[in-house]
Amino acid sequence: MGDGAVDDNGGFAGDQLVTPWNLSISSGHNLLRDPHHNKGLAFTERERDAHYLHGLLPPTVFTQELQEKKVMHLIRQYEVPLQRYIAMIDLQERNERLFYKLLVDHVEELLPVVYTPTVGEACQKFGSIFRRPQGLYISLKDKGQVLEVLRNWPQRFIQVIVVTDGERILGLGDLGCQGMGIPVGKLSLYTALGGVRPSACLPITIDVGTNNEKLLNDEFYIGLKQHRARGEEYAELLEEFMTAVKRNYGEKILVQFEDFANHNAFELLHKYRNTHLVFNDDIQGTASVVLAGLLSALKLLGGTLSDHTFLFLGAGEAGTGIAELIALQISKQIGVNVEEARKKIWLVDSKGLLVNSRKETLPHFKLPWAHEHEPVNSLLDAVKEIKPTVLIGTSGVGRQFTQEVVETMSSNNEKPLIMALSNPTSQAECTAEEAYTWSQGRAIFASGSPFDPVTYEDKVFVPGQANNAYIFPGFGLGLIMCGATRVHDDLLLAASEGLASQVTDENFAKGIIYPPYSCIRTISAHIAASVAAKAYELDLASVLPRPNDLVKFAESCMYSPTYPNYR
């Protein structure tokens with residue numbers, strides 16, 4: 001091609017650079033490639049006339065309902081869950097509203113596809129299924145320029161950020177930069193289940209390296225190929241990030257910390273909870289959804305929360321977070337201090353029961369749970385000694401609730417409450433079938449990942465799923481709609497009570513302690529209303545005057561995935 005010739009893109013060849021946005025014109029071609037506005041075959045004749053779409057689409061016009069039916073039919077053809085995940089992400093990148101319409105209308109079927117357990121496998125293989133960047137990547141290379149990186153994001157009005165550093169992805173460990181699947185998945189649920197607009201959501205991964213040798217040796221790994229930064233270097237990058245977020249998006253931006261390792265999770269929450277609107281789903285969200293399950297289970301178990309004894313397997317973020325919220329609820333119910341309420345709650349870690357004699361070797365977040373007792377080395381012995389009425393697993397290690405453990409729980413209790421909360425399904429402390437069979441159908445069971453209904457002696461048991469997806473979308477919506485500036489523990493208690501109130505007598509008759517996901521938007525609206533009401537009560541809300549009907553106000557704030565009409 002000679003000097004001054006025009007290349008195939010319509011620009012001048014040679015040394016002259018072509019800037020792609022100068023070539024763009026407002027056209028139907030661009031509209032079809034914009035996932036926020038694309039409707040595919042659902043563009044009407046009038047819209048095709050007005051936006052130069054004739055000839056760019058086949059002549060037929062589909063309704064959104066027909067598109068939904070077609071896509072669901074295609075997704076159901078895939079037998080491998082990861083293929084379904086990829087199909088859903090592809091749809092999200094082509095047609096955002098149709099993606100959310102599917103997720104809202106088929107939430108029970110698609111939640112396990114876009115979130116746990118499939119999202120865990122997606123993160124493990126994120127490098128190989130990575131097609132188009134989603135979210136914002138901030139790495140150690142960006143130190144000193146984090147604010148500029150944030151400003152590269154095209155949307156200016158952000159209300160929720162979900163951020164991870166990828167060190168503790170579900171029960172799968174350090175996945176480094178590939179942990180981006182978690183913030184992306186969480187924010188999909190903020191929109192589908194909580195009604196927060198997609199354009200107001202920002203997924204972020206902070207890449208400080210990885211200690212996963214397999215990833216470091218993988219030529220296709222998409223993150224920084226170095227071991228994790230620790231100490232001052234790490235703290236400085238996070239401080240710069242939190243400062244930049246507040247400067248760029250204001251005081252009321254909600255920052256949700258996700259899948260940070262224990263040591264950083266507690267430190268970050270403690271450091272920023274009084275200066276920023278922050279929430280840790282692993283510590284606080286898990287605690288709130290489990291407390292909701294306990295509150296509703298009391299209808300089946302009888303008594304009040306303070307009448308029960310709780311034993312946890314796992315004393316990390318989730319275990320201590322749940323335990324603390326239970327203690328807070330007990331202290332408020334019976335008017336004792338939290339220290340006294342904690343005595344009803346026992347925790348077992350990898351070295352055995354937390355007891356006073358171990359205090360010198362325990363990290364700070366475990367110290368409140370070290371009670372006066374002889375050392376106990378195993379979970380089974382702890383169940384025999386403590387005689388808990390409620391057994392909760394947050395260990396991240398599968399099959400720890402053995403037949404002997406479940407049988408001992410059942411011999412001590414008419415209706416043992418067993419919650420196997422570790423994700424994904426392979427890491428659950430026991431399966432639903434094991435819990436019902438080993439307890440001879442007497443257990444009340446809930447898990448973190450979904451299990452199918454179980455038939456035992458001609459009776460069908462429907463396991464509850466203590467999934468954070470019940471809480472964080474409605475919780476976030478509640479914070480946003482009232483303009484909250486800080487997260488107070490009482491807001492978490494309000495969210496738990498809001499969720500528990502949505503369980504019906506019909507649910508209880510089947511032994512279900514969580515409401516069905518098919519009503520999730522209604523549930524989220526009630527949780528949002530409960531959270532907002534408590535925020536107004538505590539003078540943490542900035543949207544004034546207070547709306548009279550908070551449930552209706554929550555519903556009015558929710559994003560609708562139904563197609564708009566374009567002029």
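In this predicted model, strands E6 and E9 run parallel and are joined by 4 bridges, and within this pairing Phe310 has Val390 of E9 as its bridge partner. On its other pairing, E6 is linked to E7 by 4 bridges, again in the parallel sense, with Leu311 standing opposite Trp346 of E7. The side chains of E6 are divided between two directions, Phe310 and Phe312 pointing one way and Leu311 and Leu313 the other, and all of these residues are buried. This fits the general pattern that in a regular strand the side chains alternate between the two faces of the sheet.

These strands belong to an open sheet of 7 strands with mixed pairing, ordered E8-E7-E6-E9-E10-E11-E14. Strand E8 (352-353) and strand E14 (464-465) stand at its edges with a single partner strand each, so one side of each has no neighbour in the sheet. The partner of E8 is strand E7 (residues 345-349), to which E8 is joined by 2 bridges in an antiparallel arrangement, and Val348 is there matched with Leu353 in E8.

Another open sheet has 5 strands, paired in parallel in the order E1-E3-E2-E4-E5. Its edge strands are E1 (136-139) and E5 (277-280), each of which pairs on one side only, and neighbouring strands of the sheet are turned by 25° against each other on average, direction ignored. Within this sheet, strand E2 (residues 160-164) and strand E4 (residues 254-257) pair in the parallel sense over 4 bridges, where Val162 has Gln256 in E4 as its bridge partner.

Several helices lie against the strands of the two sheets, and the table sets out their contacts and directions.

| Helix | Strands contacted | Angle |
|---|---|---|
| H11 (residues 181-192) | E2, E3 (201-207), E4 | about 165° with E3 |
| H15 (residues 281-301) | E4, E5 | about 70° to E5 |
| H18 (residues 379-386) | E6 (310-313), E7, E8, E9 (390-393) | about 175° to E6 |

Helix H18 also takes part in covering helix H19 (residues 403-412), whose buried residues are Val405, Val406, Thr408, Met409 and Ser410; the cover over these residues includes H18, E9, strand E10 (417-420) and helix H20 (432-438).

Helix H13 (residues 231-249) has 19 residues and reaches 27 Å from its first C-alpha to its last, close to the 27 Å expected at 1.5 Å a residue. Its buried residues are Tyr234, Leu237, Leu238, Phe241, Met242, Ala244, Val245 and Tyr249. Because they cover an arc of only 165° around the axis, they are on the same side of H13. The face turned away from this buried side carries the exposed residues Gly231, Glu232 and Arg247, and after the helix comes Gly250, whose phi is positive, near 95°.

The largest nonpolar core has 120 residues, of which Ile326, Met419 and Phe475 touch the most other members. Leaving aside residues up to four places away in sequence, Met419 touches Val290, Leu294, Leu391, Ile392, Gly393, Phe401, Ala446, Ala466, Ile513 and Tyr514. Apart from the largest core lies another of 37 residues, among them Trp153, Leu268, Leu269 and Val278. As a general tendency, nonpolar side chains in soluble globular proteins are buried together.

How values were computed:
Residues are numbered from 1 along each chain as its sequence is written. This is a predicted model: local features need pLDDT of at least 70, side-chain atom pairs count only at pLDDT 80 or more; totals for chains, interfaces and linings use all residues. Side-chain values use heavy atoms; hydrogens and water are left out. Two strands pair if DSSP finds at least two bridges between them. Axes are lines fitted to C-alpha atoms, for helices over the stretch in contact, and angles run from 0 to 180 degrees between N-to-C directions. Contact means heavy atoms within 4.5 Å. A nonpolar core is a set of buried Ala, Val, Leu, Ile, Met, Phe, Trp, Tyr and Cys residues joined through side-chain atoms within 4.5 Å. Buried means under 20% relative accessible area, exposed over 50%, partly exposed in between (1.4 Å probe, protein chains only). The expected span of a helix is 1.5 Å times one less than its number of residues. The arc is that of the directions from the helix axis to the C-beta atoms.
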